[in-house]
Amino acid sequence: MRAAYAKAMGGEAPLDNLEVGELPRPEPGPGQALVRVEAASLNHHDLWTLRGQVGTPIIFPRILGCDGGGVVEAYGPDRPAGTPEPGTPVVLYPVIPCGHCEACLGPDESLCREFGMLSDKVDGTLGEYVVLPAASVLPRPAGLSAAEAASLGTTYLTAYRALFTRAGLRPGHSVLIQGASGGLSTAAIQLARAAGLRVYATSRDEAKRGRALEVGAHEALDTNGAGRAILGLTDGRGVDCVVDSVGEPTWRESLRAVRSGGSVVVPGATGGGNPPADLNRVFWRQLSIIGSSMGTRAEMVALLRMVEATGLKPLLDETFPLGETRAAMERMERGEHAGKIIVAVGAG
Ligand SMILES: [Zn+2]
């Protein structure tokens, strides 16, 4: 089968580690599903793998791609009850939990001690077929294309957990989402709006602020001075929560924008991980600083139900054929995209 894979990692030109070619079609083992992939979406995780910036040991060749949409082809022995019939359109849960640590045996496998994803622990979705735990194969919401389904995994799941599980936001709450142009921030704006929140977003760039409004923000603010602007818009109160996945460039304004007793949830730190902590403000205003990463299978199921119930459509960027995966990665690396970059994997 054809696949886009890493043949090595690191070095001066990490994208040279990417190759598209023929690899053996995988066979599902006990408790596993074989899925025919129709579309995959790219994540920065794919670039990190090529650069050698992942914590998991990688065995080469390793097929890239954390997220995919496709059709169940077959199951290995011991198919779990309730799994979708072969031929069913599905979405793939991207986390590969170890299945036996304290976290995996409890309610929150996203805290797994041997946490890994499709494309690092096992082969990913940028191949015509992928094998994964049968429980990770979830029926695709009605009305979603394979490309839209492939966009939901990593980015939208991370945003869902940050907003609704970790920050505990409810309809009627207000949220400021920093760095409106990133994929995670776009997902957070869409989900927060669909859930009945008052949504503020920031960007330095006017065109990107316009896009934030298009995907659902009520107000889009300049990143500089966002704290003061939020106080002006909220009668001096501040927002219930700030989603800050940027870090150093935005942290100061995030702490200014949040109300006393509110929370700042951190699902990433793309702009640097060590801003001044401003602890006086944290204790005096009784702020909660909350980390968040990926999500559980149960959260993925809830996300899919939310998408189906609200009609939310993930924002898609360009689609590339599998043979042009390198061009797709280059587009992501340049940060030119708005929404998820799609690779059409299957012949269809
Ligand atoms: Zn585990």
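This note comments on a zinc site and on one strand of a predicted model.

1. The zinc ion is held by four cysteine sulfur atoms: the SG atoms of C98, C101, C104 and C112 coordinate the zinc ion at 2.3 to 2.4 Å. Along the chain, these donors follow the spacing C-x2-C-x2-C-x7-C.

2. The geometry of the site is tetrahedral, with angles of 104 to 115° among the four donor atoms of the zinc ion. For comparison, the ideal angle for four tetrahedral donors is 109.5 degrees.

3. Burial can be stated for two of the zinc ligands. C104 has a relative accessible area of 15% and C112 has 6%. Because buried means under 20% relative accessible area, C104 is buried, and C112 counts as buried too.

4. Strand 3 covers residues 32-41, and seven of its 10 residues are buried, so this strand is largely enclosed by the rest of the structure.

5. Strand 3 pairs with strand 5 (residues 67-75) in the antiparallel sense, over eight bridges. Within this pairing, L34 stands opposite A74 of strand 5.

6. An antiparallel pairing over five bridges joins strand 3 to strand 7 (residues 129-133). Here Q32 has P133 in strand 7 as its bridge partner.

7. Strand 3 also pairs with strand 16 (residues 340-344), again in the antiparallel sense, over three bridges. In this case A40 stands opposite V343 of strand 16. As general background to these pairings, side chains in a regular strand alternate between the two faces of the sheet.

Definitions and conventions. Residues numbered from 1 in each chain as written. Predicted model: local features only at pLDDT ≥ 70, side-chain atom pairs only at ≥ 80, totals over all residues. Heavy atoms only, no water. Donors = N, O, S within 2.8 Å, 3.2 Å for Na, K, Ca; no water. Tetrahedral: all angles 85-135°; square planar, octahedral: opposite > 155°, others 65-115°. Buried < 20%, exposed > 50% of the residue type's maximum accessible area, 1.4 Å probe, protein only. Helix = DSSP H or I, 4+ residues; strand = E, 2+ residues; numbered from the N terminus. Pairing = 2+ DSSP bridges.
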